[in-house]
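Open the model in your viewer and keep the selection panel handy. We will make a few stops together, picking residues as we go.

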Amino acid sequence: MSVVFIQVLILFAFALVGFALCKARVIESSSSKFLSTLVVWVFLPATTFNSFSTNFTVKYITEKYDIILTSAVATLVIMFLGLFIAKFLSRDSYRRAVYAYSITMPNSGYMGLPLTQAIFGPAMLINVLIFALPLNIYLYTYGYCSLIKQKLSFKKLLNPPMLAIVLGAIVGLSGIRLPEFATDFLSTAAAPMGPCAMLILGMVLSEYKFKRLLKNPVNYLVSLIRLVVVPAIFVLLFKLLGLQNVIMPALIVYSMPCGLNTVVFPKMVNEDCETGAALTLISTTLSMATIPLMLMLFGSN
């Protein structure tokens, strides 16, 4: 499981770079808004388009329909579970939205995919990508709107990541072959996604004292729900239902720490990032212990 520690350390290294540059006043922490805009308008759409255009094909849907359907139902359940739990965690409406999002949405993109590739190989990577599709739809619809304090509407659905999903799905289902220049461009545009997101986290963390970020016990509770409770409940449920094809993808996706977009999306529109930064910091640190533990306890069918 050393690959887990290596991947987490790499992520923390990028966050540390962003933190150090701001503390040394080489750059201003306000620059994180510029990076967030680039992530949402360029890097993230390229990443989601590549994922959907490659994996959302007739063949994969036909072969993996059980994974997609199970994930879609589970995503709805977790979403409402997150909203319900968040009601008891804070009186502040925006903080409740961040808690609900963090319980629902794991960091399956920046951490889950590299870990899957390194530990299980490309065959499992496809299953993880397919399982994460409904979560991605939640992320760029209701999740996106909740983090930027906007009501879900058709206009808000026309955001860059959601448009990239739709276009990627069309390309994947139709089997259209893009020109080599286009595929190379999109791959290059997707590459900075993870490093930029972690740089933003480090830059945002530089605005707060660590003591302040680490003192709220609710953040630890939400992190443990995200890292332990959600994966344990659903993996056990899937085992009881005999859904063998779903167990490992679900375990990998649900065991990941809180998603980084609680920092990226709010920063883009100048909303408060303190709770999101604290959850990301705490859950990512704890994940170095919980991910190997969850894989050891539930990873064998």
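Start by selecting α5 (93–104). In this predicted model, α5 gives the second largest pocket the largest share of its lining, with seven residues. Now add α4 (65–86) and α7 (122–147) to the selection: like α5, each of them supplies at least two lining residues.

To find the middle of the pocket, show L83, S93, A97, Y142 and S146 as sticks; of the 19 residues that line the second largest pocket, these lie nearest its centre. The space you are looking into amounts to about 310 Å³. Colour the lining by residue class and you should count 11 nonpolar residues, alongside four polar and four charged ones.

Next, move on to the cysteines. How many disulfides does the structure hold? The count is zero. Select C145 to see an example: its nearest cysteine sulfur belongs to C273 and is 17 Å away, and C145 is in no disulfide. Turn on a surface and C145 turns out to be buried, with a relative accessible area of 1%.

Your last stop is C258. Why does C258 form no bond with the closest cysteine sulfur? That sulfur is in C273, 15 Å from the sulfur of C258, which is too far for a bond; a disulfide needs the two sulfur atoms within 2.5 Å. Check the surface here as well: C258 is buried, with a relative accessible area of 0%.

How values were computed:
Residues are numbered from 1 along each chain as its sequence is written. This is a predicted model: local features need pLDDT of at least 70, side-chain atom pairs count only at pLDDT 80 or more; totals for chains, interfaces and linings use all residues. Side-chain values use heavy atoms; hydrogens and water are left out. Buried means under 20% relative accessible area, exposed over 50%, partly exposed in between (1.4 Å probe, protein chains only). On a 1 Å grid over the protein atoms alone, a cavity is a set of points where a 1.4 Å probe fits but cannot get out, and a pocket is an open set with protein on both sides within 12 Å along at least five of seven lines; lining residues have an atom within 4 Å of a point. Grid points are joined across faces, edges and corners, and a volume is the space filled by probe spheres set on the points. Helices (H or I, at least four residues) and strands (E, at least two) are DSSP runs, numbered from the N terminus. Ala, Val, Leu, Ile, Met, Phe, Trp, Tyr, Cys and Pro count as nonpolar, Asp, Glu, Lys and Arg as charged, and the others, Gly among them, as polar.
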